[in-house]
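Me: Please take a close look at one part of this model, the way its helices pack against one another, and then set that part in the context of the chain around it.

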Amino acid sequence: MAEVVASGGPAGRVGEQERPSEAEFAALTSPYRAELLAHCQRLLGSRHDAEDQLQETLLRAWRAYPSFEGRSSVRTWLYRIATNVCLTAIERRARIPLPTGLPESDAAEQAVQEWSAAGGPSDADPAAILGTREDSKRALLVAWRHLAPRQRAVLVLADVLGWQAVEIADLLGMSASAVYSMLRRAREQLADARADGRGEPQPDSAERKLLEQYAHAIEAGDVSVLVTLLADDAVCERPLATSRVVGRDEIARFVAQCPAFGRCKMVPITVDGRPGFAVYQLDEDGSHRAANIDALTVSPSGVRHLEVMEDRTMFASLGLPLVLDEAGAE
């Protein structure tokens with residue numbers, strides 16, 4: 001995604017400009033909303049909290065816009081504000097939040113105790129176990145509780161967003177050497193976790209089969225098969241549309257009405273530690289173009305949760321092309 005640099009004169013300084021209207025500011029920031037929401041969610045571990053802090057981020061950015069001097073891109077400027085907003089929110093809490101998709105409250109505490117009692121790491125880094133299944137989810141609970149908010153931010157910025165250490169240092173007010181040191185320790189823990197067999201396991205055969213059947217049902221437009229793959233209490237959510245569908249029959253009817261159903265190719269991906277698919281819809285010119293991202297939570301009874309993310313900007317943030325390379329898809 002090309003980064004927009006706001007300009008307000010020959011050198012791109014906008015410090016003397018008036019604050020933009022709400023419509024103008026929305027147009028300026030809308031290309032970054034989806035990735036900023038994902039960034040906040042990684043830091044906070046809760047989509048609900050992430051949505052709240054994204055709104056706080058945009059409000060602060062709008063208020064501060066007259067002092068924005070254009071020495072960095074709008075995207076970098078917004079990430080700076082979002083990161084600091086999330087760090088402040090975390091530091092104000094009495095407890096550290098749990099990662100998205102993991103059990104909460106008493107169940108989470110029990111998982112932590114069970115894993116610790118079984119010899120799991122008490123201070124492992126989440127980068128070593130992100131995207132894992134049941135046992136590693138327990139390890140991640142332990143790790144998340146022991147991470148300092150600033151360490152979490154450094155890891156997300158470096159290992160998820162690919163920022164350079166000097167950029168992270170500038171954003172967080174740290175020295176570059178401190179950032180390098182923090183990342184080195186984290187990556188050493190990652191190597192140790194993998195060596196100990198606590199790295200990311202492959203899905204078991206039953207889960208692989210379920211995911212393959214789900215992808216085939218969507219590609220083939222087979223509603224009858226899709227229904228059998230959903231759990232009785234399955235839930236389908238569309239964050240951008242703020243809609244929620246409950247029950248296998250209702251979900252199957254909803255999916256069958258989607259334009260990509262029966263006219264797409266499904267590319268397996270991992271979305272915030274969950275199995276999922278990048279959905280590429282067949283276009284009139286015969287190419288397959290980015291449509292939406294499906295993130296799944298599966299259980300022995302079938303697909304339990306389906307999140308349909310219909311913002312195509314997510315493809316770029318996940319390193320995915322907008323037009324599928326047909327040769328590479330086979």
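Reply: In this predicted model, α2 and α4 pack at an angle of about 30°, and because angles under 35 degrees count as roughly parallel, the two helices are roughly parallel to each other. Their axes lie 10 Å apart, and α2 passes α4 in a right-handed crossing. On the α2 side the contact is made by Glu35, Leu36, His39, Cys40, Leu43 and Leu44, while α4 contributes Arg75, Leu78, Tyr79, Ala82, Thr83, Cys86, Ala89 and Ile90.

The helix α4 also packs against α3, with the axes of this pair 9 Å apart and an angle of about 125° between them. That value falls outside the ranges for roughly parallel, roughly perpendicular and roughly antiparallel, and the rest count as oblique; α3 and α4 are therefore oblique to each other. The crossing of α3 past α4 is right-handed. From α3, the residues that meet α4 are Gln53, Glu56, Thr57, Arg60, Ala61 and Ala64, and their partners in α4 are Trp77, Leu78, Ile81, Ala82, Val85, Cys86 and Ala89. Leu78, Ala82, Cys86 and Ala89 of α4 thus appear in the contact with α2 and again in the contact with α3.

A further helix, α1, meets α3: the axes of α1 and α3 come within 11 Å and cross at roughly 120°, and this crossing is right-handed. Here Glu22, Phe25 and Thr29 of α1 are in contact with Leu58, Ala61 and Trp62 of α3. Ala61 of α3 therefore takes part in this contact, given that contact means heavy atoms within 4.5 Å, and Ala61 is also listed among the α3 residues that meet α4.

These helices can be placed within the interior of the protein. The largest nonpolar core has 41 residues, and those with the most contacts inside it are Val154, Ile168, Leu172 and Val179. At least two residues of this core come from each of α1 (22-29), α2 (33-44), α3 (47-64), α4 (74-91), α7 (149-160), α8 (165-172) and α9 (176-195), and α4 supplies the largest share, eleven residues. Leaving aside residues up to four places away in sequence, Ile168 touches Val154, Leu157, Ala158, Trp163 and Val179. A second, separate core holds 28 residues, including Leu211, Ile251, Ala252 and Phe261.

Some individual positions elsewhere in the chain complete the setting. His305 sits in strand β6, which covers residues 302-309, and with a relative accessible area of 18% His305 is buried, since buried means under 20%. Although His305 and Val235 are 70 residues apart in sequence, their C-alpha atoms are 4.9 Å apart in space. With residues up to four places away in sequence not counted, His305 touches Val235, Glu237, Ala295, Leu296 and Thr297.

Pro300 belongs to the loop between β5 (288-299) and β6, and at 93% relative accessibility Pro300 counts as exposed, because exposed means over 50%. The C-alpha atoms of Pro300 and Leu210 are separated by 9.4 Å, with these positions 90 residues apart along the chain as the distance in sequence. Glu250, found in helix α12 (residues 248-256), has a relative accessible area of 40% and is partly exposed. Its C-alpha atom is 9.4 Å from that of Val227, a residue 23 positions away along the chain.

As for the chain as a whole, the protein has 14 helices and six strands, and buried residues make up 47% of its 330 residues. Among contacts with a separation of 6 or more, 61% join residues 24 or more positions apart. The accessible surface comes to about 16,600 Å², and 49% of that surface belongs to carbon and sulfur atoms.

Technical notes. Residues numbered from 1 in each chain as written. Predicted model: local features only at pLDDT ≥ 70, side-chain atom pairs only at ≥ 80, totals over all residues. Heavy atoms only, no water. Helix = DSSP H or I, 4+ residues; strand = E, 2+ residues; numbered from the N terminus. Buried < 20%, exposed > 50% of the residue type's maximum accessible area, 1.4 Å probe, protein only. Areas by Shrake-Rupley, 256 points an atom, 1.4 Å probe, with all protein chains shown as cover. Core = buried A, V, L, I, M, F, W, Y, C linked by side-chain atoms within 4.5 Å. Axes fitted to C-alpha atoms, helices over the stretch in contact; angles between N-to-C directions. Parallel < 35°, antiparallel > 145°, perpendicular 65-115°, else oblique. Left-handed = near helix turned anticlockwise from the far one by under 90°.
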